[in-house]
Amino acid sequence: MAPGGGVLYDVIESRPKYLKYDVEMEKTVKTNTRASNSGLYELLECPVCATLMYPPILQCPNGHTLCSNCKTRVQSCCPICGFEMGSIRCLALEKVAELLELPCRYRSLGCHDNFPYYSKLKHEKNCRFRPYKCPYAGSACSVTGKIPELVAHLKDEHCVDLHDGSTFNHRYVKSNPHEVENATWMLTVFKCYGKQFCLHFEAFNLGMAPFYISFLRFMGEETEAKKFSYSLEIGGGGRKLTWQGVPRSIRDGHRKVCDGLDGLVIPRNLALLFSGGNCQELKLRVTGRIWKEKQVIRN
Ligand SMILES: [Zn+2]
Ligand SMILES: [Zn+2]
Ligand SMILES: [Zn+2]
Ligand SMILES: [Zn+2]
């Protein structure tokens, strides 16, 4: 063939390199799978959102790949060459992905496991190292982090009171108890047994009837939350209501706990009776205790 055939030159040049790489890869594959696959991970990264692509992985007529979420974002126009993106899938890349193992994305937070490409997302949804969401109710706070970071955040950003100890005696005063729509909610954080607990107090409507609910959430995983119990007591005028429960993990959404009525539920009329009777002001005293169960016999 005539000299200067660039294509031929490339092929000759690249073949030995490729073979050598292959051999090297075999040697290191056991000890250093991640490093040797790093080029593949780059291939699997969407050029628009820079996250790893999952099936269907799409490609433009020129072979540029894109994740399916980004296809609408770029209005079906390839971000690299501008050609229209059809619905051509890149099956080869989808298959290659199947062969890969990836570290959990929360590696830096302490998870050192690796997962087959397609089960990684599923694991990450439940990884116990994933950051916790801010437990503050009544606001759409998007802050996430480890427990100590969230405790600092609750104190600094939400002006939440922090208390040491496993018993509490709290007064909730609300000058207009007839406003339930703008849910009255309060949060106090207790520190005991080296852990943190969130005490919630809030108003809600059950059907047409206004209620208050108070419950405790554990700042940690559910498996650990179950090792604790708590009691709440509320009363006045010789009457009282008590509740004994198991704190819910803050992994459980605040809404979920409320909707499940997993706490001390007080109808408003009774709350007003406890408040001393003039029905104009809500003045409730909530006392409670948190303890660690010695033996857990719970299913
Ligand atoms: Zn994307
Ligand atoms: Zn393209
Ligand atoms: Zn993980
Ligand atoms: Zn927050």
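Strands E10 (residues 195-206) and E11 run antiparallel and are joined by 10 bridges. Within this predicted model, the pairing can be located by residue: Asn-205 has Pro-210 of E11 as its bridge partner. The hairpin that E10 and E11 make has 2 residues between the strands, and Gly-207 there adopts a positive phi near 65 degrees.

E11 has further partners besides E10. Strand E15 (residues 264-267) runs antiparallel to E11, and 4 bridges join the two. Here Phe-211 is matched with Pro-267 of E15 as its bridge partner. With strand E14 (residues 248-249), E11 pairs in the parallel sense, over 2 bridges. The residue opposite Ser-249 of E14 is Phe-218. E11 itself spans residues 209-218 and is mostly covered, with 8 of its 10 residues buried. For the protein chain, 22% of the 299 residues count as buried.

The next part to follow is an open sheet. Four strands form it in the order E8-E16-E12-E13, and the pairing is antiparallel. Strand E8 (167-174) and strand E13 (239-245) each have a single partner strand, so they stand at the edges and one side of each lacks a neighbour in the sheet. From one strand to the next, the twist averages 20 degrees. In a regular strand, side chains point alternately to the two faces of the sheet.

At one edge of this sheet, E8 is held against strand E16 (residues 282-292) by 8 bridges in the antiparallel sense. Tyr-172 has Leu-284 in E16 as its bridge partner. Thr-287 also lies in strand E16. How far apart in sequence and in space are Thr-287 and Asn-169? They are separated by 118 residues in sequence, but by 4.2 Å from C-alpha to C-alpha. Leaving aside residues up to four places away in sequence, Thr-287 touches Phe-168, Asn-169 and Glu-233. Thr-287 is classed as partly exposed because 16 other C-beta atoms lie within 10 Å, whereas a buried residue needs 20 or more.

Ser-175 sits in the loop between E8 and strand E9 (185-192). Is Ser-175 buried or exposed? Ser-175 is exposed, because the count of other C-beta atoms within 10 Å is 9, and the exposed class covers counts of 12 or fewer. Ser-175 and Leu-282 are 107 residues apart in sequence, yet their C-alpha atoms are 6.3 Å apart in space.

These pairs can be set beside the figures for the protein chain. Among contacts between residues at least 6 apart in sequence, 50% join residues at least 24 apart. The secondary structure of the chain comes to 10 helices and 16 strands.

Confidence varies along the model. The chain averages a pLDDT of 82, and 81% of the residues score at least 70. Among the elements, E14 has the highest mean pLDDT, at 96, and helix H1 (residues 6-28) the lowest, at 37. Over residues 1-35, pLDDT stays under 50, and the model has 6 contacts beyond four places in sequence for this stretch. Where pLDDT is low, predicted coordinates should not be read in detail.

Note on methods: Residues are numbered from 1 along each chain as its sequence is written. Chains are lettered from A and ligands numbered from 1 in the order in which they are written. This is a predicted model: local features need pLDDT of at least 70, side-chain atom pairs count only at pLDDT 80 or more; totals for chains, interfaces and linings use all residues. Two strands pair if DSSP finds at least two bridges between them. Two residues are in contact if their C-beta atoms, placed from the backbone, lie within 7 Å. Axes are lines fitted to C-alpha atoms, for helices over the stretch in contact, and angles run from 0 to 180 degrees between N-to-C directions. pLDDT is the predictor's confidence in each residue, from 0 to 100.
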